[in-house]
Amino acid sequence: MADEKVIRRDFQAEFTPVGDGRTLDLRIIPYNTVARVRDNGGPEYDEEWLPGVFDKQVKAANRVFVNVEHEQGFGGVVGRGQEFREDNDAFIGSVRVLSGPDGDKALELVNDGVLTGVSVEAIPLRSQRTPEGVVQRVKARLLNIALCRNPAFVDAQVLAVREAPQFTFNVPLATAGTTATNPLWIPSTAEVASPEPPPEPEPPAPDPGPEPEPSRTAEVLSRVGYEQLVGGAVVDCLFDASPDRYTDEEFARSCLIVREGEDSVKTRSFLPILEPNGDLNVLAMRSASGRLGQAGLTPKEKGQAARKLIRYYRRAGEAPPPALVSTATR
């Protein structure tokens, strides 16, 4: 019985520019490689993808879209599948990056070494569990391929860049050759996790030095207009959006939109959703989602705020409202 819920897996990638650089050759899923994975809210377990898991999609590459870090909605698409094929140890594919500002941003981030990974969204259709407890993916449907940063698993690669000619669910699992009796509980949006190494003794604290320069990643992301989200916990409590609680820097960081200008930062900042310490307040997040049309934002600002909110919804482990997704794609 097919499971109609989506899981995600992240893999390391390598990029080699060739030709006009708008076609990416990549190993999408490595076969016969056991990886330790952990799903949000669940225990760690071993997973393995078997040869032929995507065999029905070899002739349907054009139905698979490419985005950046799973940006949702049609507006987040930066490319499409061009050709898929089976190799001895992996599912291989070529994807074509679209022309235009978004595709150009993605390629610049690839070529500058910021997007170093491949993340796939797939629906498991048939899985089985070996006597050793390894969950084997036998059949699945590939939905999307995302270019991403800092993946945890190293056996997938982008082979070349060349010129072209959110929910809990049950996956029925069975010991190989038998019928499933007990389902394995697996939430969606799974993240790959390596076994934790033994703790090492803490080194002596280094002498404080000069302030570090901005990282290469941050520099490139800023140059192409991709704003990184603020790290912090996710909290569910009453939200006080009074600007008096914040410094100027904290309030700007908390808000979805900060306009340019010479007025005070707090008068140029709209729709706060973060606490002063950077924690994401889910009540404020949901409220902001419903107030995009009431905050006096321009259509461009509404789209920017919606896309940023969708990323915060993912961080909170919630599905963004359909209306928000629609606003993000305009």
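This is a short talk on the strands, the nonpolar cores and one helix of the structure shown above.

Thank you all for coming; please keep in mind throughout that what we are looking at is a predicted model. The protein chain has 330 residues, of which 47% count as buried, and its secondary structure comes to 6 helices and 17 strands. As for the surface, the chain exposes about 17,200 Å², and carbon and sulfur atoms supply 51% of that area.

Let me begin with strand 6, residues 77–86, which pairs with strand 5, residues 65–68, in the antiparallel sense over 3 bridges; within that pairing, V66 stands opposite G79 of strand 6. Strand 6 is also joined by 7 bridges to strand 7, residues 90–97, and these two strands again run antiparallel. The connection from strand 6 to strand 7 is a hairpin of 3 residues, and here the bridge partner of E86 is F91 in strand 7.

These strands lead us to the largest nonpolar core, which has 30 residues, and in which I28, F54, L142 and I145 are the residues with the most contacts inside the core. The elements that give two or more residues to this core are strands 5, 6 and 7, together with strand 2 (23–30), helix 1 (101–111), strand 8 (117–129) and strand 9 (135–148).

Which residues does F54 touch, if we leave aside its neighbours within four places in sequence? The contacts of F54 are I29, W49, E86, F91, A122, A140, R141 and L142, so that list includes both E86 and F91, the bridge partners I mentioned a moment ago.

There is also a second, separate core, made up of 22 residues, and among them are I273, L280, Y312 and A328.

I would like to finish with helix 4, residues 282–290, in which V282, A284, M285, A288 and S289 are buried. Why can we place these residues on the same side of helix 4? The reason is that they cover an arc of only 160° around the axis. Against what, then, do the buried residues of helix 4 pack? Their partners are strand 14 (234–235), strand 15 (255–258), strand 16 (269–272) and strand 17 (280–281) on the one hand, and helix 5 (299–316) and helix 6 (322–328) on the other. Finally, at the start of helix 4, a side-chain oxygen of N281 reaches to within 3.0 Å of the backbone nitrogen of L283.

Terms used
Residues numbered from 1 in each chain as written. Predicted model: local features only at pLDDT ≥ 70, side-chain atom pairs only at ≥ 80, totals over all residues. Heavy atoms only, no water. Pairing = 2+ DSSP bridges. Helix = DSSP H or I, 4+ residues; strand = E, 2+ residues; numbered from the N terminus. Core = buried A, V, L, I, M, F, W, Y, C linked by side-chain atoms within 4.5 Å. Buried < 20%, exposed > 50% of the residue type's maximum accessible area, 1.4 Å probe, protein only. Contact = heavy atoms within 4.5 Å. Arc of directions from axis to C-beta. Polar contact = N/O pair within 3.5 Å; in protein donor to acceptor, adjacent residues only side chain to side chain. Areas by Shrake-Rupley, 256 points an atom, 1.4 Å probe, with all protein chains shown as cover.
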